[in-house]
Amino acid sequence: MEEGVVRPAAYEQVRAESDGHIALTAEDGQVLKKGELWAILDPEQLELERESLELETSRQEQQLSKGRADLEESRLRSSLSLHEARGKRDDLLEVSRDDGIPAELRKRAGEAAAKMQQQVDLTEEKLSPATMEREIHLLEEDARLQIARKKKQFLALERRSKLIAGFDGLLRFGDAFKETLAATPEGELPWVKGGVLVGTIMDEDRYEIIVSASGPLVAEIPREELLVFLQDPQTGGLIAGDYARTEEFDSGKEITRNYIFTVREDGTKGARQSLGTRCLVHVYRKFDRPYRLVYKKDIAFSAPEILEKAGWDGLVRTLWPGSQVIQVGPQTIAVEPKNEN
């Protein structure tokens with residue numbers, strides 16, 4: 001036998017990430033639908049962040065509007081400067097070409113006209129449609145990034161704050177949280193400490209049996225052929241579980257490996273009664289031919305001399321001629337009955 005634990009096939013535990021109030025939109029024991037909101041952690045902080053996002057959006061829109069106005073004002077000033085610069089350039093060029101003016105003055109006027117032309121070129125580039133469009137794009141992109149950053153922060157907080165059911169299931173509040181609810185005055189939001197288990201959502205229609213893979217019996221049998229049984233605490237009947245998958249957890253020191261078995265539909269009620277408890281489970285192997293399980297204690301003393309000489313296989317053949325042993329376990333033997341055909 002091995003040790004196993006029964007748990008819902010789908011469950012989710014939610015703990016408070018930090019100290020704060022909690023607003024409930026569902027009750028203990030309520031069946032939730034997938035995607036249904038059942039609580040909001042620290043709703044005051046969430047509302048503050050929502051208001052902060054709205055203010056940031058408004059501020060960025062105002063800054064963008066002001067930036068566009070400033071660009072337009074700058075464009076007008078630059079247009080005036082360009083007109084003046086062109087006029088000065090033309091005057092200097094005229095002086096540089098006047099033969100009635102001394103050569104030295106004409107030379108200086110030509111140099112000054114060249115410098116003025118550089119200023120004209122820079123101003124024309126600044127006033128070009130492509131440059132103006134680029135400046136406006138930068139203003140818009142900066143505003144968009146600032147709003148997007150603030151929105152991302154808000155959405156991240158909203159995801160952490162809004163508790164939403166990931167699947168259809170039953171909601172159960174944690175014991176400590178129930179005590180907090182009972183002590184909270186009517187009309188007020190309960191205050192929870194960080195780390196407190198607020199609630200668990202579980203699927204009451206599907207259960208699993210978790211068995212450690214450390215046992216030699218489990219480790220030696222191909223996992224796909226494993227089958228487990230545990231006793232129903234109410235009826236005394238057996239609850240069967242079929243192998244589903246293997247889970248591994250690396251703690252840094254060692255790898256823990258568990259085998260997960262899906263409880264068959266007819267064992268759902270019994271599994272619910274055994275939820276969370278550690279139970280002794282019988283591990284069996286599935287075979288591709290009919291077999292029956294025989295407890296060793298039931299046949300060991302029927303012919304001890306044969307058991308001593310021929311082992312379990314010989315004892316089985318003696319008791320049930322034509323039968324044969326498929327596998328010998330710690331407490332039971334899998335026996336293939338005689339083929340009547």
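**Exercises on a predicted model**

At 36% relative accessibility, Glu-72 counts as partly exposed, a class between buried (under 20% relative accessible area) and exposed (over 50%), found with a 1.4 Å probe on protein chains only. The model is predicted, so local features need pLDDT of at least 70 and side-chain atom pairs count only at pLDDT 80 or more, while totals for chains, interfaces and linings use all residues. Residues are numbered from 1 along each chain as its sequence is written, and side-chain values use heavy atoms, with hydrogens and water left out.

**Exercise 1.** Place Glu-72 in its helix and describe its surroundings.

Step 1. Glu-72 belongs to helix α1, residues 43–96; helices are DSSP runs of H or I with at least four residues, strands are runs of E with at least two, and both are numbered from the N terminus.

Step 2. The side chains of Glu-72 and Arg-75 share a polar contact of 2.7 Å. Such a contact is a pair of N or O atoms within 3.5 Å; within protein, one must be able to donate a hydrogen and the other to accept it, and residues adjacent in sequence count only if both atoms are side-chain atoms.

Step 3. Met-132 is 60 residues from Glu-72 in sequence, with 9.2 Å between their C-alpha atoms.

**Exercise 2.** Which strands pair with β11?

Step 1. Strands pair if DSSP finds at least two bridges between them.

Step 2. Four bridges link β11 to β14 (residues 278–285), antiparallel; there Leu-227 has Tyr-284 as its bridge partner.

Step 3. Five bridges join β11 and β12 (residues 238–250), also antiparallel, with Leu-227 opposite Asp-242.

Step 4. Five of the six residues of β11 (residues 226–231) are buried, so the rest of the structure largely encloses this strand.
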